[in-house]
Amino acid sequence: MATAKYAPCWICLEEDSDEGGGRLVRACACRGDAAGYHASCIIKYAAQKSKELLQKAEGGTEIRMCSFSQPWEHCPNCRQPYTDKDLERRLAEAFVESTEDFPDSHYVRFLSRFNRASLLKDQDDLGGALDEFSYLLDVVKSNDAGLSLNGKRMYDHDAQDYLMFTFEFRINNNLGSIYEEMNEFPKALEYFNACMSQVDDSSTSRVSLGQRGHTEDCIRRVKFKMETVDDGSAELAWKVEAARRHLERETRLTRLTVEDKVDTCNERRIFDCKMELAIHLMNDSQFLESLKLFKEGADHFQRVLGPEHQCTITAKTLLARTKAMYLQQLKET
């Protein structure tokens, strides 16, 4: 974790380490007085906010589905997701621990384990993610009544159906991705085909073009890997085109509000897609387009997140690396 240099913890107001020796950290876009905090303080803050949301929901207040996980994943001040891996891991584990007394069919319990599984996958713990997602898929399939809050349904029938559809789709997609990374392509294809069957058979009207398009891309990619043996150039070209389609879909489906306030989460997804495309372009020696995207990303992250944020540093590092590769290519030609 990066040590905060100037501000005390905005929660406990202490400048030194916490009781457990944990240092002040900065893992979001906040600056000034709100820039520093202890991981232990953030965990306590998230637990309290999560408890308050749960009490409101059980009292009849309608709560957005994503709201239950936001205190554990996003800074409450800048609304950006935390970027420090150790802090993310501690928050994910604390979220799960806070729901230990709930049954597996409890919505918040299920969500906490789903978020932990996603984090394990993102941090390349494929074995742990595989076990967790497989367990969650069994929970979904064994609960015809859907998820609930202490036995009470959260939403109306259509919304509940969509909730279960979304979780099952995302679990199948993650399992397919994990098996693909493990080069177990028949198993990967099995789960991606399950995603497509869900899309084809779903009675909900909320199935998006993005879900269908993403699944089609996954199936084509895995079939390509199963059928093709080459020097790697064909796969690089495939990755570029898949990333380009992903960016186009995200841009088309994402709506940015630019009048009073930008929807920073949606904007962040678009720039993440641009960085993904830029990396594949760089690897495929398409340097001019990748330089443009890295420069755009570096400028955006510096403006929104600040010059010391890890996303800004990463984008600038990749920009410099791509420039060096491009200059070397020019010398050789």
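This is a short walk through four spots in a predicted model.

**Stop one: helices H1 and H3.** Start by selecting residues 39-58, which form helix H1, and residues 85-97, which form helix H3. Two packed helices are described by the angle between their axes and the distance between the axes. For this pair the angle is about 35° and the axes lie 10 Å apart. Turn the view until one helix sits in front of the other, and you will be looking at a right-handed crossing of H1 and H3. Now show side chains: from H1, take Ala39, Ser40, Ile42, Ile43 and Ser50, which meet Leu87, Arg90, Leu91, Ala94 and Phe95 of H3. By character, the residues of this H1–H3 contact split into 7 nonpolar, 2 polar and 1 charged.

**Stop two: histidine 106.** Next, move to the loop between H3 and helix H4 (107-122), where you will find histidine 106. Its relative accessible area is 1%, so histidine 106 is buried. Add valine 108 to the selection: its backbone nitrogen is 3.2 Å from a polar atom of the histidine 106 side chain.

**Stop three: helix H7.** Select residues 185-201 to bring up this helix of 17 residues. From first C-alpha to last, H7 reaches 24 Å, close to the 24 Å expected at 1.5 Å a residue. Colour its buried residues, among them Phe185, Leu189, Tyr191, Phe192, Cys195 and Met196.

**Stop four: alanine 242.** Finish in helix H9, residues 233-253, with alanine 242 selected. Alanine 242 counts as buried because its relative accessibility is 14%, under the 20% cut-off. Then pick arginine 220, 22 residues away along the chain; the C-alpha atoms of arginine 220 and alanine 242 are separated by 9.8 Å.

Key: Residues numbered from 1 in each chain as written. Predicted model: local features only at pLDDT ≥ 70, side-chain atom pairs only at ≥ 80, totals over all residues. Heavy atoms only, no water. Helix = DSSP H or I, 4+ residues; strand = E, 2+ residues; numbered from the N terminus. Buried < 20%, exposed > 50% of the residue type's maximum accessible area, 1.4 Å probe, protein only. Axes fitted to C-alpha atoms, helices over the stretch in contact; angles between N-to-C directions. Left-handed = near helix turned anticlockwise from the far one by under 90°. Contact = heavy atoms within 4.5 Å. Nonpolar A, V, L, I, M, F, W, Y, C, P; charged D, E, K, R; others polar. Expected span 1.5 Å × (residues − 1). Polar contact = N/O pair within 3.5 Å; in protein donor to acceptor, adjacent residues only side chain to side chain.
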